[in-house]
Structure formats: structure tokens, C-alpha cells
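This report looks at side-chain packing and charge pairing in one structure. Nonpolar contacts come first, and salt bridges follow.

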Amino acid sequence: MARALWKGSISFGLVNIPIELHTAVRNHRPKFRMLHAKDKSPVKFERVCLRDGHPVAWEDLVKGYEYSKGRFVVMTKEDFQAAAVEKTRTVDIVDFVKAEEIDDRFFETPYYLVPAKGGERAYALLREAIRDSGRIGIAKFILRDAQHLAAVESIENALVLSVMRFSDELVDVAQFEFPSAEGVRKAELDMAKALVNSLAAEWDPAKYTDQYRENLLRIIQGKVKGKDVALEAPQEPRQAEVVDLMERLRRSLAQGGKGAARQTRGEQRASKAADAAPRTAHAKSGRARRGTKKRAKHAA
């Protein structure tokens with residue numbers, strides 16, 4: 001098993017469970033280094049003082065906060081220590097909230113919580129309690145000297161901790177202007193629903209691959225062998241400019257690639273569900289988002 005990123009315990013009430021924190025995601029994209037074009041040697045970046053142009057050694061660096069243009073206050077190690085909260089090794093669950101009440105914008109990076117030796121039974125107990133309650137634990141913990149908000153949820157046999165954003169980190173949506181639904185015509189809406197239904201599918205994360213990464217690896221492997229790899233450029237369909245929205249929707253349906261029969265069924269379903277959908281879509285949207293997120297995190 002991979003080395004743990006963090007070791008400590010997870011607590012709720014007076015119960016403490018020893019756990020390890022492991023990453024739940026992987027970055028497969030190739031990494032690149034900057035080279036000197038002349039001789040292909042790696043380039044080292046130096047820390048240079050903007051005032052005198054001379055390199056600065058690590059031991060001569062301090063951290064500064066720019067409170068106005070070109071004006072800084074210097075922060076010392078003692079300043080950061082004074083600001084830090086108590087450095088514990090505990091994921092402290094403070095609340096259990098309903099899953100559908102959490103906006104997905106709050107979620108960042110997922111990690112697996114793995115029970116340490118002796119904590120298996122208590123771990124399984126907490127996992128099943130969270131699963132049966134339909135709630136998510138909201139916790140705080142310290143990682144790399146910083147305090148984080150986190151969600152603890154049950155996904156199949158694992159407890160998954162997702163680092164969350166604090167509320168003041170989200171941009172207020174009120175500063176933007178979005179169109180109302182008043183200008184949407186029923187015929188357009190029915191056609192748009194038919195298009196959605198024609199593209200309907202079961203969620204299969206393995207179906208969606210990183211084509212950019214695959215193309216990069218093909219080019220890299222070719223260069224390693226001294227060969228040039230010719231990739232087929234995607235062909236953009238040429239169409240005359242279409243102003244009418246309904247005509248755009250009709251063309252989209254015609255090019256959906258799912259078959260005319262399925263499109264017709266999609267139109268029929270959309271027409272029958274036109275009245276019922278507005279009543280149920282809002283109620284189910286939160287649960288649907290959380291369910292999709294759980295499956296996606298498990299696949300990662």
C-alpha cells in the first residue's frame with residue numbers, strides 16, 4: 001500500500017478512531033522540464049533580487065505581505081506560529097449534515113481514510129452509521145500547518161475525506177447577471193429536452209478518457225523512437241450561419257449520432273414529461289449531484 005500522507009485519528013463525540021490519510025486521485029498527464037534549446041540541458045531557475053539583480057540564497061529569504069503597491073511587512077516564523085491553531089493529529093467531526101444540502105462548489109480534493117491497526121471495528125461502525133443516516137460529517141483538521149474544512153462520507157467500503165472550501169472562498173453569484181426563463185418558448189424547451197434525452201446515458205466514468213494526454217504520450221513515444229507521429233486533426237463541420245434557435249436544435253438532434261428512432265422516443269418522452277419535469281427537477285437536483293459526485297470519487 002502507498003505511503004500515508006498523514007496519520008492521526010478521526011473523532012466524533014468521545015470516540016477516536018486511528019486512521020491514515022491517502023490520496024484518492026492521480027495525475028497521469030506527463031510532466032515537462034524547461035530545457036536550453038541549444039544543447040537540451042535542463043534549466044535551473046534562480047531567485048534574483050529585483051533591485052540589484054543578484055541571486056539570493058535560500059537562507060537570505062524572508063516572507064513578506066504586500067499591503068500596498070511596493071510596500072511590504074515581513075512575517076517571521078514566530079508570527080506564523082502565533083497565528084496557527086493547535087496542531088493536532090485529529091479529524092474532528094463537529095456536525096453531521098444532510099448530503100443534499102451541500103453545494104458541490106464547496107468540494108476540493110478527495111482522500112481515502114484508511115483504518116490503522118486496532119481501529120477497524122470502530123471505523124466500520126462510523127462508516128455504516130454515516131451510510132444509514134444519509135448524512136455527511138463536517139470536520140476540521142490540520143494538514144501542512146494549515147487548518148482545513150472537510151467532509152467525511154461513506155462511499156462503498158471506504159470513508160472518504162474531501163477537503164472543502166470555506167464559505168468566504170466562494171465568489172458571490174449575485175455579482176453576475178444571468179438570464180431569466182421568461183424568454184424561453186415552450187416549443188424551444190421541448191426541443192431542447194428532446195436533445196438532452198437523445199444524449200441520455202448511464203454514468204460510466206471509464207467511458208471518458210483524456211484524449212489530450214493520449215495524444216501527448218503518442219507524440220512522446222514517437223520522438224523517443226526518432227519518429228514523427230501524425231495525428232488526425234478533428235474535422236469541424238462547416239455549416240451556414242443559423243440564426244433561428246429552433247433550427248439549431250433540430251440540426252443538433254439530427255447529428256446526435258444516437259439514431260433516428262431513439263431521437264423520436266426522446267421527443268415523445270420530453271413532450272410527456274414537459275409538465276411533470278419542472279415540479280421534480282429542483283427537488284432531485286441536490287441528491288443527483290451528490291450521488292454523481294460519490295460515484296465519481298469512488299472511480300477516482
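Start with Ile-10. Leaving aside neighbours within four places in sequence, Ile-10 is in contact with Val-15, Asn-16, Ile-17, Ile-19, Val-91, Ile-93, Leu-113, Leu-126 and Val-152. The model is a predicted one.

**Nonpolar cores**

Ile-10 belongs to the largest nonpolar core, which has 23 residues. Ile-10 is among the residues with the most contacts inside this core, together with Val-91, Leu-113, Phe-141, Val-152 and Leu-161. Which elements give two or more residues to this core? They are strand 1 (6–12), strand 2 (15–23), strand 5 (90–98), strand 6 (107–115), helix 2, strand 7 (135–143), strand 8 (146–155) and strand 9 (158–164). Strand 9 provides the largest share, 5 residues. Another core lies apart from this one. That core has 8 residues, including Phe-107, Ile-136, Ile-138 and Met-164.

**Salt bridges**

How many salt bridges does a search of the whole structure find? The search finds 8. Three of these pairs are set out here, with the relative accessible area of each partner.

| Acidic partner | Basic partner | N to O distance |
|---|---|---|
| Asp-103, 22% | Arg-105, 44% | 2.6 Å |
| Glu-128, 28% | Arg-131, 35% | 3.1 Å |
| Glu-188, 11% | Arg-185, 47% | 2.6 Å |

Take the Asp-103 and Arg-105 pair. Asp-103 is partly exposed at 22% relative accessible area. Arg-105 is also partly exposed, at 44%.

The second pair sits in a helix. Both Glu-128 and Arg-131 lie in helix 2 (residues 120–133). They are 3 residues apart, about one turn of the helix. Glu-128 is partly exposed, with a relative accessible area of 28%. Arg-131 is partly exposed as well, at 35%. This pair is also part of a network: salt bridges link Arg-127, Glu-128 and Arg-131. Helix 2 also appears among the elements that give two or more residues to the largest nonpolar core.

The third pair joins the side chains of Glu-188 and Arg-185. Is Glu-188 buried or exposed? Glu-188 counts as buried because its relative accessible area is 11%, and buried means under 20%. Its partner Arg-185 is partly exposed, at 47% relative accessibility. Arg-185 does not count as exposed, because that class needs a value over 50%.

Terms used. Residues numbered from 1 in each chain as written. Predicted model: local features only at pLDDT ≥ 70, side-chain atom pairs only at ≥ 80, totals over all residues. Heavy atoms only, no water. Salt bridge = Lys/Arg side-chain N within 4 Å of Asp/Glu carboxyl O. Buried < 20%, exposed > 50% of the residue type's maximum accessible area, 1.4 Å probe, protein only. Helix = DSSP H or I, 4+ residues; strand = E, 2+ residues; numbered from the N terminus. Core = buried A, V, L, I, M, F, W, Y, C linked by side-chain atoms within 4.5 Å. Contact = heavy atoms within 4.5 Å.
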